[in-house]
There are 2 protein chains.
Amino acid sequence: LKISIIGGGSIGLLCSAYFHSLGDEVTLYTRREEQASEISAKGLTLYKNGEAYHFSINALPISKFQPQKGLVILAVKQYHLEEVLKLISIKFLEGTLLFLQNGMGHLSLLEKFKKYNLLIGIVEHGALKTSDHEVIHTGHGKLKIAVYSGEDQYFNSSLEKFTQSKFPIEKVNNWYETMANKLVVNAVINPLTAFYRVNNGQLLTNPYFYNNMKDLFNETVSVLKVNKQEVWNNVEMICGKTAENRSSMLKDIEHGHITEIDAISGYILTEANKQNIKLSLTTFLYRSIKGIERLK
Amino acid sequence: LKISIIGGGSIGLLCSAYFHSLGDEVTLYTRREEQASEISAKGLTLYKNGEAYHFSINALPISKFQPQKGLVILAVKQYHLEEVLKLISIKFLEGTLLFLQNGMGHLSLLEKFKKYNLLIGIVEHGALKTSDHEVIHTGHGKLKIAVYSGEDQYFNSSLEKFTQSKFPIEKVNNWYETMANKLVVNAVINPLTAFYRVNNGQLLTNPYFYNNMKDLFNETVSVLKVNKQEVWNNVEMICGKTAENRSSMLKDIEHGHITEIDAISGYILTEANKQNIKLSLTTFLYRSIKGIERLK
């Protein structure tokens, strides 16, 4: 089947490489024409455990996107999603759309398209884009997918191919819990590390930061339906496993990029607002990150 | 009368210069012997509005301090006060002790010495120490003093000399309100600017920072007896007047020094605790600054 991947960031490049290597007919659509030209000319290089893998990938600018059947993967940041959905127009939707945004901020947007076949994905891989045509697969994980609305015309018939592959896909039934668990981890680790400008591990080893993390965690889970103890264990485990890493939000702040704070803490504040709950720390950190973004 | 000034920081040097220039017999006691030697050898230089003023000041290491009558000015940071009070021993206290610490964290320490003649001072001057024997008078203000316990054996008879001088002293009756007002300003501006690493003015011009400042302000005044509207106006005015300045806490953080967070936010948390009130933002910021101090 045909797969269109929208977005030439690290996750878009990672998916392009792996879906292509599994025999799918992949076309990658990028926002910048230069990136599409570069990938068409040079191919796409994936680095994994010190090895380089080269792939010839069809790449086009997003303006050339044509409605089609098959699978369309939206691998753009949440803050670009609305604009991209307009660009690709929605008519084509005979196939299936897979949304790979971080956080849960995009779910309200998906509400509008519930008559279509929508999948949501939770990416547990780490990937680092080093140039327009090169990506490093830094952390091996799974791509968890779930049906959000309609039916899954794609993976139902081909899931086995992926399950055993180097890019394992797992179908989950309770997407809310899977997403909420990941959201809590992001909502706690990302703003604090970006704020303190420290590696993830410092949140465990610095007793002051640790207590702040715990308070922020308690606020966060108060508006989500999750197993509190299980998620806290997960937060600690991930801080420990990624102790030497700098979080994506910290990197965004350091490079003067827009962060994903809206998709993460912004979603939590929206939920809190619906429930008439005031989250003072989350509000404070949300505003702090938005304010720091303005300084750039 | 004799004046002993304890502490060779910016405020100790500033006081030494001005009290000396007003004809008092000043001895400056420093923690480090080298600083005392340097001041004895080179004199003390005060810079004001681009002019340099030289003074010959008696300077001795604090180990040479002798109990005496007259005025003893304690111009050390709050976190050094307890140690310094032990060093000078308390026997001498026939005269008057003047405490010039920032914040209100030192008041609980003063409780123990209520049988002595204690004055507390609120320094509204700006001063920057540029070497062991040089200080710039950066912001002209007043030294407000109030009787904390006992009587004022010093300024009662000589206040007029100071009122009209280049180093004006004002006696206030309600020391709590004067100190609390300054405390709120410090508790709001200092941790936020240290955290965001911005000049004071950014707290007014960045709408996200401004809203955080307002929330932190509301928390802070909830445990103090102050006129809320008046103090908020004062916070805004000081942010505006010092828009280009970097706060002392930001400078401490940038230079890897210990901050005055205990004297400022620490005091507010102690008050909140007495009143059984939970201050989530103040707690968060207190821990954040303590955690950042640990990183150095």
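Visitor: How much area do chain B and chain A bury between them?
Guide: This is a predicted model, where local features need pLDDT of at least 70, side-chain atom pairs count only at pLDDT 80 or more, and totals for chains, interfaces and linings use all residues. Buried area is the accessible area (1.4 Å probe) that two parts lose on being put together, summed over both. Carbon and sulfur atoms carry 67% of it, and the total for chain B and chain A is about 2,200 Å².

Visitor: Which residues of chain B lose the most area to chain A?
Guide: Contact here means heavy atoms within 4.5 Å, and 24 residues of chain B touch 24 residues of chain A. Together, 31% of what the chain B side buries comes from B:Tyr208, B:Phe284 and B:Arg287.

Visitor: Which residue does B:Arg287 meet in a salt bridge?
Guide: A salt bridge puts a side-chain nitrogen of Lys or Arg within 4 Å of a carboxyl oxygen of Asp or Glu. Chain B and chain A have 2 of them. In one, at 3.1 Å from N to O, the partner of B:Arg287 is A:Asp215.

Visitor: What relation does the rotation between chain B and chain A show?
Guide: Copies are superposed by least squares on C-alpha atoms of residues with pLDDT of at least 70 in both. Turning chain B by 180°, with 0.1 Å of shift along the axis, lays it on chain A with an RMSD of 0.1 Å. That is the relation of a two-fold axis.

Visitor: Which residue of chain B comes closest to the rotation axis?
Guide: Residues are numbered from 1 along each chain as its sequence is written. By C-alpha, at 3.2 Å, the residue is B:Leu281.

Note on methods. Chains are lettered from A and ligands numbered from 1 in the order in which they are written. Side-chain values use heavy atoms; hydrogens and water are left out.
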